[in-house]
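Biologist: Please take one part of this model and go through it closely, step by step. I would like to know what surrounds the part and how its pieces connect.

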Amino acid sequence: MTASAAAAVASLTALSSLVPALPQTVTNGASLLGTLSAPNLSVTGVDGIVSWGANTVSNYNPYATDFNSGRGGPTYNFNIARGYKSPDGVNRSVILVNGQFPGPTIEANWGDTITVNVCNQITGPEEGTSIHWHGILQKATPWYDGVPAVAQCPIAPGSCMTYSFLADVYGTSWWHSHYSAQYSAGVAGPMIIHGPSQVEYDIDIGPIMLSDWFHLPYESIVDEVMASPPNPLPPFSDSNLINGKMSFDCSQLTNKTQQCTSNAGLSKFKFESGKTYRLRLINSGAEGIQRFTIDDHNMTIFANDFVPVVPYNTNVVTLGVGQRTDVLVKATGAPNSTFWMRSDLSPTCDAASHPYALAAIYYEDADTSSVPHTTATPYDDSKCGNDNLALTTPYYNYAATGNAALTQDLTITAAPNASDVFLFYVNNVTFRANYNHPILPLANAGNFSYPDDPEWAVYNFNANASVRLIVYNTFLASHPMHLHGHNFNVLAEGFGTWNGVITHAANTQRRDTQLVQGGTPTNPAYIVLQYNTDNPGTWPFHCHIAWHVSGGLYINTIEQDALLEKRVIPAVTANTCASWDAYTAKNVVDEIDSGEKRMFKRDMAIARAVAGGR
Ligand SMILES: *[C@@H]1O[C@H](CO)[C@@H](O)[C@H](O)[C@H]1NC(C)=O
Ligand SMILES: *[C@@H]1O[C@H](CO)[C@@H](O)[C@H](O)[C@H]1NC(C)=O
Ligand SMILES: *[C@@H]1O[C@H](CO)[C@@H](O)[C@H](O)[C@H]1NC(C)=O
Ligand SMILES: *[C@@H]1O[C@H](CO)[C@@H](O)[C@H](O)[C@H]1NC(C)=O
Ligand SMILES: *[C@@H]1O[C@H](CO)[C@@H](O)[C@H](O)[C@H]1NC(C)=O
Ligand SMILES: *[C@@H]1O[C@H](CO)[C@@H](O)[C@H](O)[C@H]1NC(C)=O
Ligand SMILES: *[C@@H]1O[C@H](CO)[C@@H](O)[C@H](O)[C@H]1NC(C)=O
Ligand SMILES: *[C@@H]1O[C@H](CO)[C@@H](O)[C@H](O)[C@H]1NC(C)=O
Ligand SMILES: *[C@@H]1O[C@H](CO)[C@@H](O)[C@H](O)[C@H]1NC(C)=O
Ligand SMILES: [Cu+2]
């Protein structure tokens with residue numbers, strides 16, 4: 001712990017009471033998350049559906065069952081607009097859905113159809129947007145995956161788009177903007193799909209979003225990331241939030257002109273002695289690996305991402321960006337007790353100025369403004385990766401089916417380009433989005449030739465029935481690698497060259513995001529992933545660190561191209577391109593960023609002005 005970070009935690013624990021200095025509306029807008037009024041979620045699903053129909057337990061395997069409840073599902077309206085919020089007491093410009101930070105929680109039952117009307121009301125300045133439903137397979141609707149330049153054009157300023165998709169898997173996830181690093185400005189929220197559970201618990205305490213936080217607008221961070229030297233360091237996050245809340249010590253503020261209030265307020269949770277709780281942990285941050293602990297309490301992990309696992313006990317949960325873990329916690333404290341819940345941006349793995357997030361847990365007889373005096377659980381911070389693969393076994397067997405039909409090596413490198421801008425490369429290609437020509441409609445029309453090749457970074461796997469990705473990371477920091485449209489089996493991880501040995505070959509770890517550790521060109525770190533290409537579509541595979549995506553650490557995969565050509569894409573996709581084309585015809589686009597981002601000239605002017613003031 002650095003001296004200043006320790007001092008910040010000490011100043012909180014030294015308080016005589018935890019009374020927030022700012023109202024919830026100023027820190028989090030219309031969101032209730034992190035307050036004692038946040039509802040517990042129903043343990044019997046939306047509308048109290050306790051029985052999952054005629055499904056037998058083996059049919060609960062979400063990856064072997066195409067389950068449609070046939071009962072429709074919820075509709076949400078998302079209005080995306082700029083605003084100002086002070087989640088940690090520092091007032092900054094944000095972009096929010098319905099004025100909420102974190103954004104609204106989507107809740108549905110397994111097999112329901114989720115409909116979301118998304119309207120882009122981002123002005124001053126305007127920019128595009130698009131929402132990705134992280135972890136949803138989108139087997140019936142690959143065009144609703146929400147990645148601009150892939151499944152659709154960005155939703156143009158002033159336009160709306162309706163997404164409608166099956167809740168085809170169940171568990172804990174989140175939705176977020178996939179336009180550049182826009183989600184780190186606040187465009188993200190939980191997505192809970194209720195389904196069968198292999199464990200029992202009394203209370204579902206709901207989503208717990210863990211996110212690093214920056215005091216600058218995301219555009220200026222992207223600008224810094226994409227700038228030529230002297231800017232060799234990654235951007236350091238300024239805070240760490242639990243459900244969008246943490247208190248920042250204003251004496252630590254680097255930009256003294258920013259409006260800051262100390263003791264803004266922490267997230268609070270209620271426990272009742274003797275009960276068992278379900279916590280849904282989500283790393284919704286931009287960069288950092290989170291280490292989640294609760295003082296004097298152990299946890300039982302029973303799902304990773306959308307994959308139920310054989311329960312195992314731990315005292316720390318590690319989450320790379322994009323990952324989720326469901327845990328059970330036994331409320332073993334006395335009725336009058338209080339404890340700290342903590343999430344640390346890993347001191348070993350992350351670039352964080354104030355890495356320690358705190359929230360308070362109050363048992364039923366405790367005073368809910370009292371300050372916990374408990375001690376942090378020590379943990380092993382040496383591995384910038386996930387729990388060892390040998391620890392994790394999917395609850396439903398989903399072994400990789402033998403040797404894959406196609407093996408694709410993917411080597412991650414990082415280097416300055418000819419203009420001295422530091423970029424990431426996968427097999428020597430740094431990705432650049434072309435928002436006006438998404439590859440899904442092109443592939444559907446039989447067009448697999450890309451005018452700007454190789455920068456669209458497309459891997460067409462054709463009709464190969466399964467694919468094995470061997471990802472070698474020669475960069476010193478780890479990457480949370482996320483595949484859309486699938487959960488993959490994780491066959492192995494290590495350093496050097498994979499020797500072909502599979503961990504738990506009969507039933508390997510499985511999820512949609514997996515950390516590959518940091519490596520070097522001579523001793524790269526690797527992960528070996530395998531999946532069946534049973535989802536004709538265009539599926540991005542990328543690092544989930546916002547700044548690394550901006551730097552081009554991203555590829556597009558196409559699978560079952562012949563089947564994809566036979567599908568009928570609804571007009572809504574073409575409509576996004578019609579309005580985006582009309583918008584960009586009137587607004588000059590300046591391509592300063594190699595990732596999921598095209599900045600407009602005036603965004604750039606603002607970003608440069610902000611950066612210039614430093
Ligand atoms: C959630 O459940 C806890 C019991 O664990 C209870 O004390 C609390 O009041 C509930 N929260 C709400 C908002 O009902
Ligand atoms: C935050 O800053 C904005 C822009 O300066 C200002 O309009 C808003 O009132 C500030 N918020 C608070 C709570 O002071
Ligand atoms: C947590 O688990 C460890 C290992 O099983 C055990 O030693 C420890 O006492 C447990 N702590 C609590 C608070 O239950
Ligand atoms: C909690 O209750 C125990 C047992 O009655 C008592 O010893 C302790 O002082 C109480 N603690 C607080 C914070 O009230
Ligand atoms: C990338 O470039 C290096 C250096 O030119 C070369 O050795 C390597 O084979 C290339 N890798 C791929 C996958 O093309
Ligand atoms: C394929 O699409 C690209 C991008 O829109 C276009 O430039 C090219 O002409 C198309 N090729 C064919 C054969 O239609
Ligand atoms: C599998 O992929 C390889 C390499 O891209 C390709 O040559 C082959 O045609 C593909 N096989 C099928 C059945 O599509
Ligand atoms: C280097 O990358 C930046 C950012 O993507 C781009 O603007 C610039 O044109 C690139 N330089 C060269 C020589 O390709
Ligand atoms: C400092 O904060 C002020 C007020 O939010 C802002 O206008 C300015 O751009 C910031 N400067 C830097 C260098 O971040
Ligand atoms: Cu990365």
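Modeller: A polar contact here is a pair of N or O atoms within 3.5 Å. Keep in mind that the model is predicted. The part I have chosen is the site of ligand 2, together with the strands and loops that follow on from it.

Which residues are found around ligand 2? They are V26, Y84, N91 and Q259. In the side chain of Q259, an N or O atom is 2.8 Å from an oxygen atom of the ligand. That distance is within 3.5 Å, so the pair counts as a polar contact. N91 also has a polar side-chain atom by the ligand, at 2.3 Å from an oxygen atom of ligand 2. The protein covers 45% of the accessible area of ligand 2, which on its own has 360 Å². By type, the shell of residues has 2 nonpolar and 2 polar members, and no charged ones.

Two of these neighbours lead into a hairpin. Y84 falls within strand 1, which spans residues 75–85. N91 comes just before strand 2, which spans residues 92–97. Strand 1 and strand 2 make up the hairpin, with 6 residues between them. G89 sits in the turn and has a positive phi of about 100°.

How do the strands pair? As a rule, strands of a sheet pair through backbone hydrogen bonds, and the pairing is either parallel or antiparallel. Strand 1 shows both kinds. With strand 2 it runs antiparallel, and 6 bridges join the two. With strand 4, residues 113–120, strand 1 pairs in the parallel sense, over 6 bridges.

One residue shows this arrangement well. I80 belongs to strand 1. In strand 2 its bridge partner is V97, and in strand 4 it stands opposite N120. When you look along a strand such as this, remember that in a regular strand the side chains alternate between the two faces of the sheet.

Now follow the chain onward from the hairpin. After strand 2 comes a loop that leads to strand 3 (106–109), and P102 is found in this loop. The peptide bond that joins F101 and P102 is cis, with omega about -5°. A second cis bond runs from G124 to P125, where omega is near -5°. P125 lies in the loop between strand 4 and strand 5 (131–133).

The loop after strand 5 has a backbone detail of another kind. A149 is not a glycine, yet its phi is positive, at about 80°. This residue is placed in the loop between strand 5 and strand 6 (160–166).

Last, the annotation. An unreviewed UniProt entry gives the feature "domain: Plastocyanin-like" at residues 83–197, 207–364 and 451–560. In the model, the span 83–197 is 0% helix and 39% strand. The C-alpha atoms at its two ends lie 39 Å apart. Y84 and N91, from the shell around ligand 2, have numbers inside this span, while V26 and Q259 have numbers outside it.

To put the part back together: ligand 2 has Y84 and N91 among its neighbours, strand 1 and strand 2 form a hairpin, and strand 1 also pairs with strand 4.

Terms used. Residues are numbered from 1 along each chain as its sequence is written. Chains are lettered from A and ligands numbered from 1 in the order in which they are written. This is a predicted model: local features need pLDDT of at least 70, side-chain atom pairs count only at pLDDT 80 or more; totals for chains, interfaces and linings use all residues. Side-chain values use heavy atoms; hydrogens and water are left out. UniProt positions are given in the numbering used here, feature names are shortened, and annotations may be inferred rather than shown by experiment. Helices (H or I, at least four residues) and strands (E, at least two) are DSSP runs, numbered from the N terminus. A residue is near a molecule or strand if one of its heavy atoms lies within 4 Å of it. A polar contact is a pair of N or O atoms within 3.5 Å; within protein, one must be able to donate a hydrogen and the other to accept it, and residues adjacent in sequence count only if both atoms are side-chain atoms. Accessible areas come from the Shrake-Rupley method with a 1.4 Å probe; for residues, only the protein chains shown count as cover. Ala, Val, Leu, Ile, Met, Phe, Trp, Tyr, Cys and Pro count as nonpolar, Asp, Glu, Lys and Arg as charged, and the others, Gly among them, as polar. Two strands pair if DSSP finds at least two bridges between them.
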